[in-house]
Amino acid sequence: MLRKLSICLLATTSLAAPALADTYKVGISAEPYPPFYTPDASGNWSGWEIDFMQAVCERIEAECIVTPLAWEGIIPALNTGKIDMIIGSMSITPARAEQIAFSDKYYDTPTGLLIAKGTDFDATPEGISGAIVGAQSGAVQQAYANKHYAATASDIRIYQTLDEELQDLAAGRLDAVVGDSLAMEPFINSDIGQACCDYKGAVPADPEVLGYGVGVGMRQDDTALLEKVNAAIAEIRADGTYAEISKDYFSFDVYGE
Amino acid sequence: MPDFDTVTPLPPAAKGDFSAMFRALLLPHRIVMLAIALAGLSAMVLMMNWSWLPAYLPKLGEGLLMTLYMLVGSVVMGFLLALPLALAQVSGPAPLRWLALSFCTVIRGTPLLLQLWLFYFGLGSLFAQFPEIRGTWLWPYLRQPWPYGLIALTVSFAAYQGEVMRGAFAGVPNGELEAARAFGMSRFKVFHRVWFPRAVHRALPTLAGEIILQLKSTPLVATITVTDLYAVITRVRQATLLTYEPLLFLVAVYICLSAVLILALRWLENRVPTGH
Amino acid sequence: MLESIDFSLLALDAPGWGGALLRGFLRSVELAAGGYALGIVIGVFGACAKLYGGRVARDLAEVYTMLIRAVPELVLMLLFYYVGTDLMNRLMQGMGYDGFDVDGLLAGILVIGLVQGGYATEVIRGAIQAVPRGQIEAAQAFGMTPGKVLRRVTLPAMTPHALPGMANLWMIATKDTALLAVIGFSELTLVTRQAAAATRSYFLFFIAAGLLYLALTLVSNVILRLYERRARRGMVPVQ
């Protein structure tokens with residue numbers, strides 16, 4: 001038995017040792033996050049950001065493996081080498097930039113507030129007074145809610161995924177959800193979303209917490225990769241690939257300004 | 001019924017020999033190991049980033065209270081629920097026996113995390129479908145996440161403890177019960193004077209292990225937004241983006257909690273006469 | 001209420017999620033089996049350290065089992081996931097294997113195995129102690145080396161004593177894999193959660209997954225009973 005085991009161990013190490021020249025594991029959150037990325041029933045991920053990821057990987061001549069992870073642990077996973085890049089709608093914030101390196105931004109959408117029908121909360125700290133607010137663990141919106149809503153809201157509940165927040169908003173267990181406006185859009189337009197909730201528009205801006213757009217996350221010592229990715233993003237923007245990818249998903253310019 | 005998931009019982013209670021324990025620590029190799037451990041610990045304290053700790057202490061205290069509340073609540077309620085479950089299996093009529101048995105099998109055969117999510121999100125989808133539930137007096141409780149966590153933990157504890165109590169009830173020697181009946185005790189009196197105390201006595205040594213296991217299950221409630229100790233640490237991890245420090249702190253707190261629980265339960269156990 | 005449930009969501013081919021659920025189930029079984037096997041290996045070493053090891057080895061094994069028994073599995077798994085794979089990466093890089101890739105399955109097995117090892121140590125230690133000393137002494141008297149005594153006599157003789165406890169551990173291993181969902185491993189519970197979120201049929205998918213876990217438990221139970229009866233053949237039934 002021990003001999004068999006050691007053979008197994010040898011086999012795995014020898015298989016893994018000569019790592020292919022340019023294979024990158026790209027981390028995303030292990031949850032449906034439409035329209036950016038969603039798994040289908042056969043386990044394949046698709047969406048705008050997956051298309052974007054393919055375009056970047058083609059430009060840097062690398063093979064990318066989509067690696068779903070728990071969002072709340074994605075930065076430790078990058079820094080401990082379990083993944084090599086994050087292309088998962090991660091906003092560029094000063095706090096995160098202390099831990100990891102970011103590429104230039106590749107899209108930018110506002111953070112918005114969704115409230116239950118029949119309530120009259122709004123996105124200001126005063127307007128949220130007394131509400132039970134949901135935010136996603138590890139998302140910029142959690143930091144935003146903690147900074148601006150903690151004093152007035154009756155409770156801030158932290159969910160592992162955006163879907164579970166929206167589900168609880170529809171169930172009436174939450175009064176409001178603070179989340180990415182675009183990621184919440186499919187829900188807002190669904191029958192359930194129309195029946196239960198009202199979209200109150202963007203929250204008051206605070207780029208210090210909400211970030212300066214979404215960028216590719218990398219380890220800070222991967223400077224060569226950072227340069228290649230930045231060049232790739234610029235190229236994709238310039239040669240029309242960006243617009244080509246986006247037109248299947250959005251009716252407006254997702255790059256923002 | 002298969003006896004899966006019984007715990008390796010804790011080593012038998014040490015009877016008040018703290019001085020012996022202390023002397024055992026003074027063996028030369030242990031002194032060296034302790035010194036290494038202390039050096040490691042002080043290196044951790046000095047080299048790692050603990051600046052977040054003071055700001056989060058009140059929140060950590062609240063989280064700890066929630067953890068203890070979940071633990072105590074589910075152990076007490078679970079134990080009370082375990083009694084009828086065990087009795088039904090030992091001496092109930094066939095349909096009741098069958099029901100209690102399948103309840104225990106289903107709960108013990110599926111992961112607690114799955115039960116918790118089914119209970120919380122499954123019911124949540126019902127609330128979305130039937131908004132009239134929101135008009136009932138239960139609604140203020142149904143809106144909170146903790147009742148779901150408490151009930152799921154209670155049911156789980158009851159299923160495991162029910163199995164232990166079933167064995168304990170079945171293990172009380174028949175002669176003792178016959179003697180009680182011979183004294184002309186009523187069925188109820190036999191139960192509450194002889195059968196029940198003897199069964200609890202037999203189950204007591206495994207209770208400590210079960211309670212520690214229950215403590216170890218409590219962090220699962222964080223996934224349904226209950227703010228227990230684990231959830232607070234998760235928030236710290238998000239806010240500070242530190243990988244190791246909050247987790248190591250959490251490990252230290254749980255070790256202390258387990259140690260306090262074990263000591264308290266041993267003290268309790270030693271106060272119960274063994275009768276042997 | 002029943003008619004509002006759309007069972008076609010469980011179809012095996014996409015867009016049904018049945019196939020995804022089964023693949024997740026297989027992944028869970030793989031993780032549990034791998035972690036269980038690793039746990040046994042750790043358990044044998046741990047038990048030997050506790051019974052035959054020097055003072056330092058004995059105390060280290062004691063600290064390890066204490067840690068496993070006192071700290072919640074969820075926390076241990078997070079810790080092992082980051083510390084364990086981080087250390088392994090650095091070790092492999094130090095040995096010259098550049099970019100050793102701790103993939104999901106291996107990391108999951110490592111995490112489950114390290115937790116299982118703590119409990120397995122206790123079970124195996126107890127079982128070895130139940131082997132009559134005379135049998136081991138007889139083997140030593142034949143001039144067998146300590147390794148040979150362990151392999152030829154102690155391990156086979158302790159197996160029947162260890163089986164009930166090891167059966168428990170297998171049940172715990174299958175259920176502990178669900179905790180990996182919180183870290184983001186793609187196994188049955190996480191796939192279920194994704195399916196439920198994507199279709200908003202929470203009851204349907206969580207109950208389907210529960211049935212899969214239950215089936216695994218019950219089938220394992222039957223197999224383990226049969227195996228136990230085989231291993232115990234020739235032994236006096238325990239009263």
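Helices here are DSSP runs of H or I with at least four residues, strands are DSSP runs of E with at least two, and both are numbered from the N terminus. The model described below is predicted.

**Chain B: fold and confidence**

Chain B has 11 helices and 0 strands, so read from the N terminus, with helices written as α, its elements run α-α-α-α-α-α-α-α-α-α-α. Along the principal axes, the C-alpha atoms of chain B fill a box of roughly 70 × 65 × 30 Å. Of its 276 residues, 36% count as buried. When contacts in chain B are restricted to residues at least 6 apart in sequence, 80% of them join residues at least 24 apart.

The mean pLDDT of chain B is 88, with 92% of residues at 70 or more. Confidence in chain B is highest in helix α3 (residues 53-91), at a mean of 95, and lowest in helix α1 (residues 18-24), at a mean of 72. Residues 1-14 of chain B stay under 50 in pLDDT. For that segment the model has 31 contacts beyond four places in sequence. Where pLDDT is low, the predicted coordinates should not be read in detail.

**Contacts of chain B with chains C and A**

The contact between chains B and C takes 33 residues from chain B and 41 residues from chain C. On the chain B side, the elements that give two or more residues are α2 (28-47), α4 (94-109), α5 (112-129), α9 (187-217) and α11 (245-271). The largest share of this side, 7 residues, comes from α5(B). By class, the side of chain B that touches chain C has 20 nonpolar, 10 polar and 3 charged residues.

The contact between chains B and A takes 17 residues from chain B and 24 residues from chain A. Here α5 and α10 (229-240) of chain B are the elements that give two or more residues to the chain B side. Helix α5 of chain B is thus listed for the side that touches chain C and for the side that touches chain A. The side of chain B that touches chain A divides into 6 nonpolar, 7 polar and 4 charged residues.

**Annotated transmembrane regions in chains B and C**

For chain B, an unreviewed UniProt entry lists "transmembrane region" at residues 31-52, 64-86, 98-121 and 247-268. For chain C, UniProt places the feature, again from an unreviewed entry, at residues 31-52, 64-84, 104-124, 178-196 and 202-224. The table gives the modelled secondary structure and end-to-end C-alpha distance for some of these spans.

| Span | Helix | Strand | Distance between end C-alpha atoms |
|---|---|---|---|
| Residues 64-86 of chain B | 100% | 0% | 32 Å |
| Residues 98-121 of chain B | 92% | 0% | 29 Å |
| Residues 104-124 of chain C | 100% | 0% | 29 Å |
| Residues 202-224 of chain C | 100% | 0% | 33 Å |

**Domains of chain A**

The domain assignment of chain A gives domain 1 (21-108 + 212-246) and domain 2 (111-210). Domain 1 is therefore written as two sequence segments in this assignment. The centres of the two domains of chain A, taken over C-alpha atoms, are separated by 25 Å. Between the domains, 13 residues of domain 1 are in contact with 15 residues of domain 2. The domain 1 side that touches domain 2 has 9 nonpolar, 2 polar and 2 charged residues.

**Backbone geometry**

Most residues other than glycine have a negative phi, and most peptide bonds are trans. Some positions in chains A and B depart from this pattern.

The peptide bond from A:P34 to A:P35 is cis, with omega near 0 degrees. A:P35 lies in the loop between β1 (23-29) and β2 (38-39) of chain A.

A:E61 is not a glycine, yet has a positive phi of about 50 degrees. A:E61 is placed in the loop between α2 (48-59) and β4 (63-69) of chain A. Is A:E61 buried or exposed? A:E61 counts as exposed because it has 10 C-beta neighbours inside 10 Å, and the cut-off for exposed is 12 or fewer.

B:L241 likewise is not a glycine and has a positive phi, of about 55 degrees. B:L241 is found in the loop between α10 and α11 of chain B. B:L241 has 17 C-beta neighbours inside 10 Å and therefore counts as partly exposed, since burial needs 20 or more. Helix α10, on one side of this loop, is among the elements that give two or more residues to the side of chain B that touches chain A. Helix α11, on the other side of the loop, is one of the elements listed for the side that touches chain C.

Methods
Residues numbered from 1 in each chain as written. Chains lettered and ligands numbered in written order. Predicted model: local features only at pLDDT ≥ 70, side-chain atom pairs only at ≥ 80, totals over all residues. Contact = placed C-beta atoms within 7 Å. Nonpolar A, V, L, I, M, F, W, Y, C, P; charged D, E, K, R; others polar. UniProt positions renumbered as here; feature names shortened; annotations may be inferred. pLDDT = per-residue confidence, 0-100.
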